[in-house]
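The following exercises ask you to read local geometry, charge pairs and enclosed space from a model, one step at a time. Work through each task with the structure open before turning to its solution.

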Amino acid sequence: MARVLITGSTTGLGEAAARQLLDEGHEVVLHARSTSRAGDVADLSARAVGVVIGDLADLDEVRQVADQANAIGALDAIIHNAGVYIDPERIATPQGHARTFAVNVLAPFLLTSWIEHPTRLVYLSSGMHLSGDTSLDDVDWTARPWSGVQAYCDSKLLLTTFALALARRRPDQRINVVDPGWVPTRMGGPSAPDDLELGHLTQTWLAVSDDAEAAVSGGYWHHRARQSPAPAAEQPPFQDAVLATLEGLTGVDAG
């Protein structure tokens with residue numbers, strides 16, 4: 001039995017992953033943006049070993065989420081599921097960051113540093129990361145004209161890259177990235193063509209399975225099959241540049 005924290009677990013893929021793991025007898029720590037959102041899945045909350053509350057767009061609340069998770073006790077795995085899709089305009093967070101960048105990149109980066117290290121880390125990316133900008137110019141979109149689509153692509157490239165960088169730097173952990181596909185969640189929309197069930201099975205498998213195929217690190221996965229990420233994401237110089245950029249913006253050492 002494993003203890004797993006799933007960010008963004010009150011809806012969509014995060015909720016589906018939580019239900020599956022609970023049904024299999026694992027301990028789950030839910031995450032909700034607010035107490036009202038936690039109340040939307042009261043049946044899950046009653047079964048969970050704990051619920052952490054915090055808006056991942058607000059870095060102060062990200063710190064609170066990490067503190068709450070650490071207070072619950074040691075975790076075996078974290079599924080970094082929470083994310084935002086395409087913002088039509090640059091929405092500024094309380095710290096002035098673009099919301100897309102804050103939620104999709106800074107929050108998982110900081111939670112990875114602030115939560116006591118579990119054995120396994122799983123990050124949800126997107127095939128759209130293949131169109132991400134590798135220049136690292138203006139990653140927070142403070143100067144260039146806003147493009148919601150490009151901001152999302154960039155955020156998923158940054159996420160994929162720092163996750164694979166950590167896999168290289170932390171041989172004692174199993175760190176993987178998952179492309180769940182374009183699935184019909186609230187984020188993906190009802191017309192999304194991919195399979196919702198298959199969308200969450202890969203991350204739960206990587207988080208808890210004893211299968212030899214899941215006992216790996218540094219993989220980019222889609223429907224339990226390894227795929228090739230953007231070439232830059234696997235290049236150590238680019239990985240180091242991404243980590244240096246995020247460390248410079250946050251003042252937090254990735255380790």
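**Exercise 1.** Which backbone nitrogen does the side chain of Asp140 reach?

Solution. The model is a predicted one, in which local features need pLDDT of at least 70 and side-chain atom pairs count only at pLDDT 80 or more, whereas totals for chains, interfaces and linings use all residues. Residues are numbered from 1 along each chain as its sequence is written, and side-chain values use heavy atoms, with hydrogens and water left out.

Step 1: locate the residue. Asp140 is found in the loop between β5 (120–124) and α6 (148–169), where helices (H or I, at least four residues) and strands (E, at least two) are DSSP runs numbered from the N terminus.

Step 2: follow the side chain. The side chain of Asp140 reaches the backbone nitrogen of Ala98 at 2.9 Å, and with the side chain of His97 it makes a polar contact at 2.6 Å. A polar contact is a pair of N or O atoms within 3.5 Å; within protein, one must be able to donate a hydrogen and the other to accept it, and residues adjacent in sequence count only if both atoms are side-chain atoms.

Step 3: describe the surroundings. Not counting residues up to four places away in sequence, Asp140 touches Arg90, Gly96, His97, Ala98 and Phe101, contact meaning heavy atoms within 4.5 Å. Asp140 counts as buried because its relative accessibility is 9%; buried means under 20% relative accessible area, exposed over 50%, and partly exposed in between (1.4 Å probe, protein chains only).

**Exercise 2.** Determine where Arg99 and Arg47 find their salt-bridge partners, and how the partners are placed in the sequence.

Solution. Step 1: apply the rule, by which a salt bridge is a side-chain nitrogen of Lys or Arg within 4 Å of a carboxyl oxygen of Asp or Glu; the count comes to 13 salt bridges.

Step 2: take Arg99, which forms a salt bridge with Asp87, the closest N and O atoms being 2.4 Å apart. Arg99 lies in helix α5 and Asp87 in the loop between β4 (77–80) and α5, so the pair ties together parts that are 12 residues apart in sequence. Asp87 is buried, with a relative accessible area of 4%, whereas Arg99 counts as partly exposed at 29%.

Step 3: take Arg47, whose side chain meets that of Asp23 in a salt bridge at 2.8 Å, N to O. Because Arg47 lies in helix α3 (residues 42–47) and Asp23 in helix α1, this pair ties together parts that are 24 residues apart in sequence. Here Asp23 counts as exposed at 59% relative accessibility, and Arg47 as partly exposed at 40%.

**Exercise 3.** Which residues line the second largest cavity, and which residues are linked in a network of salt bridges?

Solution. Step 1: the second largest cavity holds about 50 Å³ of space, and its lining consists of Asp133, Ser135, Leu136, Asp137, Val139, Arg144, Asp154 and Leu158.

Step 2: sorted by class, this lining has 3 nonpolar, 1 polar and 4 charged residues.

Step 3: turn to the network, in which salt bridges link Asp133, Asp138, Arg144 and Asp154. Asp138 is found in the loop between β5 and α6, and its phi is near 60 degrees, a positive value in a residue other than glycine. Most residues other than glycine have a negative phi.

Methods. 1 Å grid on protein atoms, 1.4 Å probe; cavity = no way out; pocket = protein on both sides within 12 Å on 5 of 7 lines; lining within 4 Å. Points joined across faces, edges and corners; volume = space filled by probe spheres on them. Nonpolar A, V, L, I, M, F, W, Y, C, P; charged D, E, K, R; others polar.
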